[in-house]
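User: I have a structure to go through with you. Please take my questions one at a time and keep the answers short.

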Amino acid sequence: MTETGRDAIFISHANPEDNAFTVWLGARLTAAGYQVWADILRLRGGQDWQRRLEGCLRNKAFKVLLVGTEEGVKKQGVRNEVQIAHSVGQRIGDPDFVIPLRLTDFDAPFLIAHAQYIDFKRSWADGLAELLETLEQSHGVPRRRDRSGEVVDSWKQIHMRHGQSLRAKSESLVSNWLRIEELPEAVSLYDFRGPVSLEDAGRKKTSATWPVVPFRRGFLAFCPPRDLQDHFGPSLPLKIVGEIGTVEFLDDGWPDQDIEKWDAHNLFGSLVRQALESTLRAKLLSSHELANNQLAWWGNVRDVPSGQIGFSWRGGLRGRRQIVGYSAKRHLHWHYGVTPKPRVYPFPHVRFVGRVVFTEDGVTPIGNAKRMHRLRRSFAKSWRNAKWRDMLLAFLHWLSDGDGSLALPIGANGAVTLGLPPVVFTAPMSVALSNDAEEESDTEDELATGDDDLLDMWEQDEEEEQPETIDFDNHRDGHDTGGSDDER
């Protein structure tokens, strides 16, 4: 049991190699209300600060986050902290005291080789979402209501040292989250009456008209039997063996069916994703499998407008943007696409991750995966936050026919409803950028006529995603990732 008085999160990381990530993570955890300690907070040298850090690790830390990189875990300073953390975890009876964060593949130190890591390798944003949910729901790490104090002030100073200066002006941030505004009333568990052909049942589940997710011999669905029985046919008679409210399912899982809360979230996400993909398919969008096995949904030049798509939503979200174009320089068509990711935490929503697909004829994706990868890295380099934001808003406006919501049918008479536009957050502070750091204007005409020299400033790896939160005021996300001269 964790000792009374432990209320901090300690980040163990290699200095200076992993400073940029630690600054990013520490600021976000602090903004979420957690007290965060890390070596990078050391604004001045001296043993006094080192003793304070060790004292926090031994006596104040509720959890220790290990920034896992191949070189970082080899550094003696990190290994010393892991040794201390292991001893503390044993003393307080917490076998999960250390939570590894995988930034790259690494060999976990022997003392924590058993620990389950949280994956930041593919996406920092997804890793953060999983970490926040783990800290709050699995471990109950305490948060501070009062977010003032020395540690918070230190994080502010660190950001000023490593990043752009802040100004006391609020800033609206458009996310790529679409809130699920209307949930299905219940989740139903189906089985088949009597003995049936499992092969036939599996084939029918795969091709079901409405979203279903296999579970044991049967499946879960949102819709009533009358919407499904015709599809399964007389040889596969259906019966409902249980029903639970959707809210209860997401909050507590389904204990009677041995469905844990985490499993309930995954099953719910699968059903919502199927409903969304059916909606995208009905809009004549196609799917293209990326190198990370995710699907990008995009439109060809026959079915998607080739000109600028205007959008106008509440809150002053207005503009115009192309979502398909042609590069005369490269002799290629580019197509904006999305990968939808249903999520439950911190509220039910779907994230639309921006993608780019390339074709030679406007219809068929380039078959060479390596060439597609290289094009993504070079072509979309300078697509800043504002561009990704506007393409998403134009895409959603076209997808929804300009409506204030997007209905995803889950049965003959039911739907999951997504709210539009995406969720907008308001930050109490904003970043003051110099004139030379402002967003350069890359007009649609320039892109359409192939002036790709604009696209040479920002690399986007195939597994990277556009920012989870997109700057509404056209400021780009920029910071100096330089670390301290001190090395651990």
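User: Leaving aside neighbours within four places in sequence, which residues is F395 in contact with?

Analyst: This is a predicted model. Neighbours within four places in sequence are set aside here. The contacts left for F395 are L280, L285, I323, Y336 and V338.

User: Which residues have the most contacts inside the largest nonpolar core?

Analyst: The largest nonpolar core holds 65 residues. In soluble globular proteins, nonpolar side chains tend to be buried together. Inside this core, the most contacts belong to L220, F249, Y336, F352, F395 and L418.

User: Which helix gives the most to this largest core, and how many residues does it give?

Analyst: The core in question is the one with 65 residues. The helix that gives the most spans residues 385-399. It is α11, with 9 residues.

User: How many residues are in the second, separate core?

Analyst: This core is separate from the largest one. Its members include I9, L25, L65 and V67. The count is 26 residues.

User: How many aromatic pairs are there?

Analyst: Ring centres must lie within 6.5 Å for a pair to count. By this rule the total is 19.

User: Are the rings of Y190 and F219 stacked or edge-to-face?

Analyst: A pair of aromatic rings is described by the distance of the centres and the angle of the planes. For Y190 and F219 the centres are 4.9 Å apart. The planes meet at 15°, and under 30 degrees counts as stacked. So the pair is stacked.

User: How many residues apart are Y190 and F219?

Analyst: Y190 is in strand β9 (residues 186-192). F219 is in strand β11 (residues 218-221). Y190 is buried, and so is F219. Y190 also stands opposite F219 in β11, and the pair links distant parts of the chain, 29 residues apart.

User: Why is the pair of Y336 and W388 tilted?

Analyst: The centres of the two rings are 6.3 Å apart. Planes under 30 degrees apart count as stacked, and over 60 as edge-to-face. The planes of Y336 and W388 stand at 55°, so the pair is tilted.

User: How many residues apart in sequence are the parts that Y336 and W388 tie together?

Analyst: Y336 lies in strand β18 (residues 332-343), whereas W388 lies in helix α11. Y336 is buried at 1% relative accessibility. W388 is likewise buried, at 1%. The parts joined by this pair are separated in sequence by 52 residues.

User: Which residues form one aromatic cluster with Y336 and W388?

Analyst: F395 belongs to this cluster, and F395 is also in contact with Y336. The other members are W334, F358, F379, W383 and W398.

User: Where does the charged end of R179 sit, and which ring does K387 lie over?

Analyst: The charged end of R179 is 4.0 Å from the centre of the ring it sits over, that of F347. K387 lies at 4.8 Å from a ring centre, over the face of W383.

User: Which strands are at the edges of the sheet with the order β10-β11-β9-β12?

Analyst: This is an open sheet of 4 strands with antiparallel pairing. Its twist averages 25° from one strand to the next. Within it, β9 and β11 are joined by 3 bridges. The edge strands pair on one side only: β10 (212-215) and β12 (238-245).

User: Which helix lies across β10 and β11?

Analyst: This helix covers residues 261-282. It runs at about 145° to β10. The helix is α9.

User: In the open sheet of 5 strands, why is one side of β2 and of β5 left without a neighbour?

Analyst: The order is β2-β1-β3-β4-β5, with parallel pairing. β2 (35-38) and β5 (118-119) stand at the edges, so each has a single partner strand.

User: What is the bridge partner of R102 in β5?

Analyst: Strand β4 (residues 98-102) and β5 pair in the parallel sense. There are 2 bridges between them. In β5, the partner of R102 is D119.

User: Which residue of β21 stands opposite L408?

Analyst: Strand β20 (residues 405-411) pairs with β21 in the antiparallel sense over 6 bridges. The two form a hairpin with 2 residues between them. Opposite L408 stands V416.

Key. Residues are numbered from 1 along each chain as its sequence is written. This is a predicted model: local features need pLDDT of at least 70, side-chain atom pairs count only at pLDDT 80 or more; totals for chains, interfaces and linings use all residues. Side-chain values use heavy atoms; hydrogens and water are left out. A nonpolar core is a set of buried Ala, Val, Leu, Ile, Met, Phe, Trp, Tyr and Cys residues joined through side-chain atoms within 4.5 Å. Buried means under 20% relative accessible area, exposed over 50%, partly exposed in between (1.4 Å probe, protein chains only). Contact means heavy atoms within 4.5 Å. Rings of Phe, Tyr and Trp (its six-membered ring) pair if their centres lie within 6.5 Å; planes under 30 degrees apart count as stacked, over 60 as edge-to-face and the rest as tilted. A charge sits over a ring if NZ of Lys or CZ of Arg is within 6 Å of the ring centre and within 35 degrees of the ring normal. Two strands pair if DSSP finds at least two bridges between them. Axes are lines fitted to C-alpha atoms, for helices over the stretch in contact, and angles run from 0 to 180 degrees between N-to-C directions.
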